[in-house]
Amino acid sequence: MPALPLDEAGKYVAGAYLVFVALLLLYVAIMAAKLQRIERELRELADRAEEGPAA
Amino acid sequence: MSAGEPSAREPTPARRAFAAILAKDLRVELRTLESIPAMALFSVATFILFRYGLDRTSLDGSLAAGVLLATLLFAAVLAINRLFVAELEQGGFDAIRLAPVDGSALFAAKAAALVVYLLALELVAVPAFAFFFLDSWAGLGPLCLVLVLVDLGLAATGTLISSMAINSRARDLLVPLILLPLLVPLMIAAAGAAQPLLAAGGPGYEDFGQWLGVLTLYDAIFALVAYAVYDFVLED
Amino acid sequence: MYPKGLRTLALATVATLVAGFALVFYFAPLDADQGFIQKIFYLHVPMAIVALVGWVVAAFWAIRHLRSGDSAHDARSYIAIHVSVIFGVAVLITGAIWARAAWGHWWSWDEPTLVSFLIVFLLYCTYYPLRYAIEDRERQARYASVFAITAGAFVPLNFIAVRLAESLVHPRTFATAEGGMPTKMWITFLVCFAGIGLLWVTLARFELSAKSTSANLARLRRALDGDAPERPSAGRPTATVPVRATQS
């Protein structure tokens, strides 16, 4: 197992992989927000569907 | 210009439609002088801006190629923006859709008209450029060949993008936005060929053949692509 | 239809990526020229290749869309471009980091692959304003497909032009996995490439699933509102492809 030199190079490599992870998590966050919006809308429509025919 | 009874007569061959549209466009341009003088004035003004922006009174090599080509490209965008305005306002698109003619005839005609405008522009802009900035006019001959190939590429991509942009909301913005990245390879090849032609010590021809090849490839590919997809652009 | 297998796909992606990154840091040998910095290669290059392939795939979906008129193909084309653009952002950022680490500046015009990629990325960024600017849904989809095909033809041409323009002064230790790479590096690269490729497919499937859900939601809302049913079209996804609703 090669030693990991914690010099300048290490910071750049870590930075690159961190950017990758950050973008991925950002994507997840955005999709989560979208999913929340969809769920909210679905709930609202379900409510409307239930009371609609009854009204 | 009536089409007659479709059943009694043969459909207009694409060539005749092409010639008719091209002739109409050139006639209108000659009469109204909308695009070409504007492009020429724009080019000369841009040259003056560059003179001061770069603080140079003489240019050669890569600077000369860059200034000339960038100016021509931006001037071309002016014409490209206006290419289909008349068609949109006067129902030219509908006419083509109804006529028993391949939509590609419209594309070819408009692209050809654009080439004519660009050639006319270059008749003014290139001598003006040489007059302002060049010490020797020796490289201009072969440069014309380069410019013709550039014009063909500009016409192919410009006409395609213009047709799409004209049917959108931000049409004046969309053309430069989409067109400029598409024109980068054209610019690379044209500058590659023009640089040695405008070199200080006299025209050189390094890689001239290679760059002409790339230009031709660009023209061929985009002309083919545009020709192939154009009917979808015209669809209502 | 889309969620089926999405979980398996995502798990496979995670497994492959973790394996790949483990190989990068525990298995792959140090590069003779660049040392530790070269490790960025295993992240940057697979993403670039996958993004480019994604854009070409989008062109194929666009061709199918124009041929069949089925808006499902348009949705796939749109998403292929969208996911590749996201990957493109990562490519450019990691490329800049790599350039800074290797050469001291955040950008290098001498690296033809990176420059070519920037130009292509810029072109595909204009895809969004093009779609937003056209209101009519069908026309928007059609023009988007025309754009995707044109841009797909552009990618190889641009690469050739940029490659020719750069005098290859800098030794090409970078970029594409050319000859001279030891086997261990190759293996690591391939595993990372597979992982990134799976990631692209996972994200694309995910997006498609979200899009079709939104579309069905819109259908449900319209049905509940009692509006006249829209023109039926196979696979509604274009309903949520960016169409700016206007008051006109």
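Me: What makes A38(B), M39(B), F42(B), S43(B), T46(B), F47(B) and F50(B) in α2(B) count as meeting residues in α3(B)?
Reply: In this predicted model, two residues are in contact if their C-beta atoms lie within 7 Å. The α2(B) residues you list meet V67(B), T71(B), L72(B), F74(B), A75(B), L78(B) and A79(B) in α3(B), so these residues are counted as a contact between the helices.

Me: What kinds of residues make up the contact of α2(B) with α3(B)?
Reply: They split into 11 nonpolar, 3 polar and no charged. Phe and Ala count as nonpolar, so F42(B) and A38(B) go in that group. Ser and Thr aren't on the nonpolar or charged lists, so S43(B) and T46(B) are polar.

Me: How do the axes of α2(B) and α3(B) cross?
Reply: Helix α2 (residues 36-54) and helix α3 (residues 61-82) of chain B have axes that come within 9 Å and cross at roughly 145°. The crossing is right-handed.

Me: Which helices of chain B help form the side that touches chain C?
Reply: Here 26 residues of chain B are in contact with 24 residues of chain C. On the chain B side, α7 (140-165), α8 (171-182), α9 (184-197) and α10 (208-234) each supply at least two residues. α10(B) gives the most, with 9 residues. By type, that side of chain B has 20 nonpolar, 4 polar and 2 charged residues.

Me: And chain A, how many of its residues are buried?
Reply: Buried residues make up 9% of its 55 residues. Its secondary structure is 1 helix and 0 strands.

Conventions
Residues are numbered from 1 along each chain as its sequence is written. Chains are lettered from A and ligands numbered from 1 in the order in which they are written. This is a predicted model: local features need pLDDT of at least 70, side-chain atom pairs count only at pLDDT 80 or more; totals for chains, interfaces and linings use all residues. Helices (H or I, at least four residues) and strands (E, at least two) are DSSP runs, numbered from the N terminus. A residue is buried if 20 or more other C-beta atoms lie within 10 Å of its own, exposed if 12 or fewer, and partly exposed in between; C-beta atoms are placed from the backbone. Axes are lines fitted to C-alpha atoms, for helices over the stretch in contact, and angles run from 0 to 180 degrees between N-to-C directions. A crossing is left-handed if the near helix is turned anticlockwise from the far one by less than a right angle, and right-handed if clockwise.
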